[in-house]
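Dear colleague,

I am passing on a structure for you to look at, and below it you will find my notes on what came out of the analysis. Please read them with the coordinates open beside you.

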Amino acid sequence: MAHAAKVDYLGIVREVLVVDNDKLPDGGEFTPEVETALNEYLQGCGLDGDWKLTSYNNNFRGTYAGQGYSYDPDLDEFIAPDPIMEA
């Protein structure tokens with residue numbers, strides 16, 4: 001299963017969902033082409049926005065994205081919120 005994080009214009013993850021690998025080329029492997037196909041598939045399902053692949057096993061993009069995490073495009077990584085700032 002591929003995991004997708006919806007990133008808003010501020011770089012904040014708003015939701016994370018699972019997509020069946022059968023809906024994506026190459027079994028949902030992490031490549032730019034698969035991420036483009038992911039966005040096309042989700043937008044075709046009526047789910048607009050910018051979707052980024054995230055790794056449940058932390059194999060790429062730093063860490064598995066969760067709601068409220070941020071995405072840094074320069075690092076191409078998700079960053080957990082600061083727990084001190086959340087309090």
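Arg 14 is a convenient place to begin: with a relative accessible area of 43%, Arg 14 is partly exposed, and its side chain meets that of Asp 8 in a salt bridge, with 2.7 Å from N to O. Please bear in mind throughout that this is a predicted model, and that the values below are computed from it.

**Salt bridges**

The count of salt bridges comes to five. Besides the pair just named, Asp 48 forms a salt bridge with Lys 6, in which the closest N and O atoms are 3.5 Å apart. That pair links distant parts of the chain, since Asp 48 sits in the loop between helix 1 (32-44) and strand 3 whereas Lys 6 belongs to strand 1, 42 residues apart. Asp 48 has a relative accessibility of 52% and therefore counts as exposed, the cut-off being over 50%.

A further salt bridge joins the side chains of Asp 76 and Arg 61, at 2.8 Å from N to O. Asp 76 lies in the loop between strand 4 (70-72) and strand 5 (77-79), and Arg 61 in the loop between strand 3 and strand 4, so this pair ties together parts that are 15 residues apart in sequence. The two partners fall into separate accessibility classes, because Asp 76, with a relative accessible area of 28%, is partly exposed, while Arg 61, at 8%, counts as buried. Salt bridges that share partners join Glu 35, Arg 61 and Asp 76 into one network.

**Backbone**

Which residues deserve a look for their phi angles? Arg 61 has a positive phi of about 60° although it is not a glycine, and Asn 58, likewise not a glycine, also has a positive phi of about 60°. For context, most residues other than glycine have a negative phi. Asn 58 lies in the loop between strand 3 and strand 4, and Arg 61 lies in the loop between strand 3 and strand 4 as well. Asn 58, at 42% relative accessibility, counts as partly exposed, whereas Arg 61, at 8%, counts as buried.

**Aromatic pairs**

A search of the whole structure finds three aromatic pairs. One of them is formed by Phe 30 and Phe 60, which are stacked, with 3.9 Å centre to centre and 5° between the planes. Phe 30 is in the loop between strand 2 (13-19) and helix 1, and Phe 60 is in the loop between strand 3 and strand 4, so that the pair links distant parts of the chain, 30 residues apart. Phe 30 is partly exposed, with a relative accessible area of 33%.

Tyr 56 and Tyr 64 form an edge-to-face pair, with 5.4 Å centre to centre and 80° between the planes. Tyr 56 is exposed, with a relative accessible area of 57%, while Tyr 64, at 24%, counts as partly exposed.

**Largest pocket**

About 200 Å³ of space lies in the largest pocket. Strand 1 (2-7) and strand 3 (50-54) are the elements that give two or more residues to its lining. That lining is made up of 15 residues, and those nearest the centre of the pocket are Met 1, Ala 2, Gly 28, Thr 54 and Phe 60. By residue type, the lining divides into six nonpolar, eight polar and one charged. Phe 60 therefore appears twice in these notes, in the pocket lining and in the stacked pair with Phe 30.

With kind regards

Definitions and conventions:
Residues numbered from 1 in each chain as written. Predicted model: local features only at pLDDT ≥ 70, side-chain atom pairs only at ≥ 80, totals over all residues. Heavy atoms only, no water. 1 Å grid on protein atoms, 1.4 Å probe; cavity = no way out; pocket = protein on both sides within 12 Å on 5 of 7 lines; lining within 4 Å. Points joined across faces, edges and corners; volume = space filled by probe spheres on them. Helix = DSSP H or I, 4+ residues; strand = E, 2+ residues; numbered from the N terminus. Nonpolar A, V, L, I, M, F, W, Y, C, P; charged D, E, K, R; others polar. Salt bridge = Lys/Arg side-chain N within 4 Å of Asp/Glu carboxyl O. Buried < 20%, exposed > 50% of the residue type's maximum accessible area, 1.4 Å probe, protein only. Phe/Tyr/Trp six-rings, centres within 6.5 Å; stacked < 30°, edge-to-face > 60°.
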